[in-house]
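I opened this notebook to record what I looked up, beginning with the pocket and then turning to the cores and the whole chain.

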Amino acid sequence: MAIKCAPNWVCSQMPHSHLGTADLGSTRGRIVLEVRPPKWKCCALGSSAPRATSAIEGKPYGTEVETFQTGKTDQVQDTESKVFHEDLSLLPKPLSATGLSTCDDDDGSNMRVAYKGMQGAYGEAAALKAYPNCETVPCEKYEKAFKAVELWLVEKAVLPIENSIGGSIHRNYDLLLRHRLHIVREVQLAVNHCLLALPGVRMEEMDRVLGHPEAFAQCEMTLSNMGFIRVNSDDCASAAQIAVLTGARNVGAIASARAAEIYGLHILARKVQDEEHNITRYLVLAREPIIPKTDKPYKTSIVFSLEEGPGMLFKALAVFTLRGINLSKMESRPLKMHPLRVDDSDKGTAKCFDYLFYIDFEASMAEQCAQNALANLEEYATFLRVLGSYPMDTTV
């Protein structure tokens, strides 16, 4: 089995002139998805998605990628070339605009979608909402769902990124940066937690409840009033399964109504979350991006870091404001490789966190205003990556 190189949106040439308010209608430094510099285009990065090897090949995972990038001497290069080229015919050609999908609207027929958890998990419900006829593939961890896509075991994966009660899921932001998958869709899923128990059990008999920590956070006040001892599980569906396997009448679970149906549990209470309207936003990830259009509302997700200096974040955000682009989401995460920034000043050396900024803005990369905004942002950014430009989900 061969793994295709994952494509990445990159800028083939940095804009040299400053793009201020006067450039809103100009074409200088345009960012487009065509292959005409200085513009954004899609190319395949060999190091972004390592190639899997079969048992017959018998070579360690990732060897081909590493040896392809080295070549310090002719002798080493020849040896590594032999290893890498044994099945060179299986490697893909670089992506072009014709090799990318222009939409992601199919119903999921003949598609496998990975999610974290077991059958009956909310991630499975998100996958089925996006692709009603898809084959859902459960994974033990989010990292394994990412790997399943990278290794061509599935076509897509769903990843929860934020909840209307619990807020952002920070761990998953880190995974977006660590892997080279692309956001091709978003799904807003209404989450209604239920209190489940074995058939015939009354709420008075229970003293503890199983559930995922995120579910507990969304049901904090309700569970505190009930006085149950909380026991963490990997996901809500596994909490329901464990409640069945234990057979204990004093143990319940927080999970979905579908999980109750699958595992044969009784629903003691519905909508036990603290707020009636509980929405989780999921991202759909794929190996290849889609070509954004302008026929419907689009959202674009980016991540960047900034140069040091006063007002740099203000300048970065102003590139969107000056072009009338609405920011729907902003999240900051410490830069883990170099968390501390040293500031030499007259008063001594001050140390502060260096950050990555994740932003969602409401515009398609096919729009001129979005292209100009990112060209302007590059003047202040030390790092910039487009995570995806995809249709907005306006349904719940």
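**Pocket lining**

I noted that strand S3 (112-116), helix H3 (122-130), strand S5 (156-163), helix H5 (170-178), helix H6 (213-218) and strand S13 (279-286) each supply at least two residues to the lining of the largest pocket; helices (H or I, at least four residues) and strands (E, at least two) are DSSP runs numbered from the N terminus. A pocket here is an open set of points on a 1 Å grid over the protein atoms alone, where a 1.4 Å probe fits, with protein on both sides within 12 Å along at least five of seven lines, and lining residues have an atom within 4 Å of a point.

The model is predicted, with local features needing pLDDT of at least 70 and side-chain atom pairs pLDDT 80 or more, while totals for chains, interfaces and linings use all residues. Residues are numbered from 1 along each chain as its sequence is written, and side-chain values use heavy atoms, leaving out hydrogens and water.

I found 23 lining residues, with Tyr142, Pro160, His212, Glu214 and Tyr282 nearest the centre of the largest pocket.

**Cores**

I looked up the largest nonpolar core (buried Ala, Val, Leu, Ile, Met, Phe, Trp, Tyr and Cys joined through side-chain atoms within 4.5 Å; buried means under 20% relative accessible area, with a 1.4 Å probe and protein chains only), and it has 49 residues, Tyr131, Leu195, Leu196 and Ile254 having the most contacts inside it. Helix H8 (residues 236-246) gives this core its largest share, five residues. Another core, apart from it, has 23 residues, including Ile161 and Leu283.

**Whole protein**

I recorded eleven helices and 19 strands, and 47% of the 396 residues count as buried.

Terms used
Buried < 20%, exposed > 50% of the residue type's maximum accessible area, 1.4 Å probe, protein only.
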